[in-house]
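Student: I have a structure open and a few labels I'd like to see justified. Can we go through them one by one?

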Amino acid sequence: MSDWGPILVTVILFVMLTPGLLFQLPGRQRYVEFGNFQTSAVSVIVHSLLYFSLVCVFLLALKIHIYIA
């Protein structure tokens, strides 16, 4: 059986944390902007750090595993 947990967690987090898709932190006009489809270098760095920390929490601390036969 293969473990699909890490793959699903990383893909879902990647889509959710793409800067400007759902939200952008920090935004251009405000601290948080929702659905503006724009990005900046600072926003990419912040979202990368969020992505890395959430992947570590979900995969290492919570040990999420999904087995599909």
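Student: What makes helix α1 and helix α2 roughly antiparallel?

Tutor: Keep in mind that this is a predicted model. The axes of α1 (residues 5-16) and α2 (residues 41-61) come within 10 Å and cross at roughly 150 degrees. Angles over 145 count as roughly antiparallel, and therefore the label fits α1 and α2. The crossing is right-handed, by the way.

Student: Which residues make that contact?

Tutor: From α1 you have G5, P6, V9, T10, L13 and F14, and from α2 Y51, L54, V55, F58 and L59. Sorted by class, that's nine nonpolar, two polar and no charged residues.

Student: Why is the pair of F14 and Y51 called edge-to-face?

Tutor: Look at the angle between the planes: 80 degrees. Over 60 counts as edge-to-face, so the name follows. The ring centres are 6.3 Å apart, and the cut-off for a pair is within 6.5 Å. A search of the whole structure turns up one aromatic pair. Since F14 sits in α1 and Y51 in α2, the pair ties together parts 37 residues apart in sequence.

Student: How do you know whether F14 and Y51 are buried or exposed?

Tutor: Exposed means over 50% relative accessible area, so F14, at 55%, is exposed. Y51 has 25%, which falls between the 20% and 50% limits, so Y51 counts as partly exposed.

Student: And what makes S43 buried?

Tutor: S43, in helix α2, has 0% relative accessibility. Buried means under 20%, so S43 qualifies. Leaving out residues up to four places away in sequence, S43 touches P19, Q24, L25 and P26.

Note on methods
Residues are numbered from 1 along each chain as its sequence is written. This is a predicted model: local features need pLDDT of at least 70, side-chain atom pairs count only at pLDDT 80 or more; totals for chains, interfaces and linings use all residues. Side-chain values use heavy atoms; hydrogens and water are left out. Axes are lines fitted to C-alpha atoms, for helices over the stretch in contact, and angles run from 0 to 180 degrees between N-to-C directions. Helices (H or I, at least four residues) and strands (E, at least two) are DSSP runs, numbered from the N terminus. Angles under 35 degrees count as roughly parallel, over 145 as roughly antiparallel, 65 to 115 as roughly perpendicular and the rest as oblique. A crossing is left-handed if the near helix is turned anticlockwise from the far one by less than a right angle, and right-handed if clockwise. Contact means heavy atoms within 4.5 Å. Ala, Val, Leu, Ile, Met, Phe, Trp, Tyr, Cys and Pro count as nonpolar, Asp, Glu, Lys and Arg as charged, and the others, Gly among them, as polar. Buried means under 20% relative accessible area, exposed over 50%, partly exposed in between (1.4 Å probe, protein chains only). Rings of Phe, Tyr and Trp (its six-membered ring) pair if their centres lie within 6.5 Å; planes under 30 degrees apart count as stacked, over 60 as edge-to-face and the rest as tilted.
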